[in-house]
Amino acid sequence: MRSVLALGLMGGLASLLTACEQPAELAVDHAWVRLAAVPGRPAAAYFTVHGGPAPATLISVTTDVAIKSEMHETMTKGGMAQMAPLQRVEIPANTDVAFKPGGRHVMLFDVNPGIARGRKIDFTFAFADGTRILHNADVIAAGDPGGQ
């Protein structure tokens with residue numbers, strides 16, 4: 001009798017766990033911005049995009065506090081680090097895609113000089129299917145340790 005009851009409880013628990021494993025929605029988190037060390041130079045934004053149940057394509061990341069923003073990727077070629085602009089970034093279903101120092105990032109050109117360490121910046125993440133995600137980012141100074 002006990003083994004039948006235990007099997008029933010385990011089956012019910014497995015059903016509950018399966019119900020909780022619904023595909024997550026497309027989301028953005030862990031966003032932060034490192035200000036430029038030299039005034040007039042670009043700042044950089046970093047974050048993680050969490051893919052939802054279907055693949056997505058990130059086509060832009062914008063903010064009202066910068067005149068221009070561009071997605072870039074840092075790569076090493078011939079022993080030298082180089083940046084290349086990205087027109088789009090594929091986000092596979094149920095996969096995290098990180099924008100982090102030394103890799104993908106968003107360059108923020110002509111950032112409002114009133115933006116300082118400790119502030120938050122609002123971003124709009126635009127996807128090819130028309131989805132828009134609004135998310136804010138913490139601002140750190142050039143010499144501060146980064147990331148969340």
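Is E90 buried, partly exposed or exposed? In this predicted model, E90 has a relative accessibility of 48% and counts as partly exposed, because the exposed class begins only over 50%. The sections below place this residue and others in the chain.

The chain contains 1 helix and 10 strands. Read from the N terminus, the order of elements is α-β-β-β-β-β-β-β-β-β-β, with the helix ahead of the strands. Of the 148 residues in the chain, 31% are buried. The accessible surface comes to about 9200 Å², and carbon and sulfur atoms supply 57% of that area. Among contacts with a separation of 6 or more, 64% join residues that lie 24 or more positions apart.

Strand β1 covers residues 27–34 and takes part in two pairings described here. With strand β2 (residues 43–50), β1 pairs in the antiparallel sense over 6 bridges. Within this pairing, D29 has T48 of β2 as its bridge partner. With strand β10 (residues 132–140), β1 pairs in the parallel sense over 3 bridges. Here R34 stands opposite I140 of β10.

The largest nonpolar core is made up of 30 residues. Those with the most contacts inside this core are V33, F47, L58, F123, F125 and F127. When residues up to four places away in sequence are not counted, F47 touches V28, D29, H30 and A31. The remaining contacts of F47 under that condition are L58, V61, V97, A98, F99, V106 and F125. Two of these partners, L58 and F125, are also listed with F47 among the residues with the most contacts inside the core. D29, the bridge partner of T48, is likewise touched by F47.

The structure holds 4 salt bridges, including those of E70, E90 and R117, which are described in turn. E70 forms a salt bridge with K68, and the closest N and O atoms are 3.2 Å apart. E70 has a relative accessibility of 25%, so this residue counts as partly exposed. K68 is also partly exposed, at 41% relative accessibility. The salt bridge between E90 and R88 has its closest N and O atoms 3.7 Å apart. R88 has a relative accessible area of 47% and is therefore partly exposed, as is E90 at 48%.

R117 forms a salt bridge with D144, with 2.6 Å between the closest N and O atoms. This pair links distant parts of the chain, the two residues being 27 residues apart. R117 belongs to the loop between β8 (104–111) and β9 (120–127), whereas D144 belongs to the segment after β10. R117 counts as exposed because its relative accessible area is 55%, over the 50% limit. D144 counts as buried because its value of 18% is under the 20% limit.

D144 has further neighbours besides its salt-bridge partner. Not counting residues up to four places away in sequence, D144 touches R34 and R117. R34 is the residue that stands opposite I140 in β10. In addition, a polar atom of the D144 side chain lies 3.1 Å from the backbone nitrogen of A141. D144 is thus described by a salt bridge to R117, a contact with R34 and a side-chain approach to the backbone of A141.

Terms used:
Residues are numbered from 1 along each chain as its sequence is written. This is a predicted model: local features need pLDDT of at least 70, side-chain atom pairs count only at pLDDT 80 or more; totals for chains, interfaces and linings use all residues. Side-chain values use heavy atoms; hydrogens and water are left out. Two strands pair if DSSP finds at least two bridges between them. Helices (H or I, at least four residues) and strands (E, at least two) are DSSP runs, numbered from the N terminus. A polar contact is a pair of N or O atoms within 3.5 Å; within protein, one must be able to donate a hydrogen and the other to accept it, and residues adjacent in sequence count only if both atoms are side-chain atoms. Contact means heavy atoms within 4.5 Å. A nonpolar core is a set of buried Ala, Val, Leu, Ile, Met, Phe, Trp, Tyr and Cys residues joined through side-chain atoms within 4.5 Å. Buried means under 20% relative accessible area, exposed over 50%, partly exposed in between (1.4 Å probe, protein chains only). A salt bridge is a side-chain nitrogen of Lys or Arg within 4 Å of a carboxyl oxygen of Asp or Glu. Accessible areas come from the Shrake-Rupley method with a 1.4 Å probe; for residues, only the protein chains shown count as cover.
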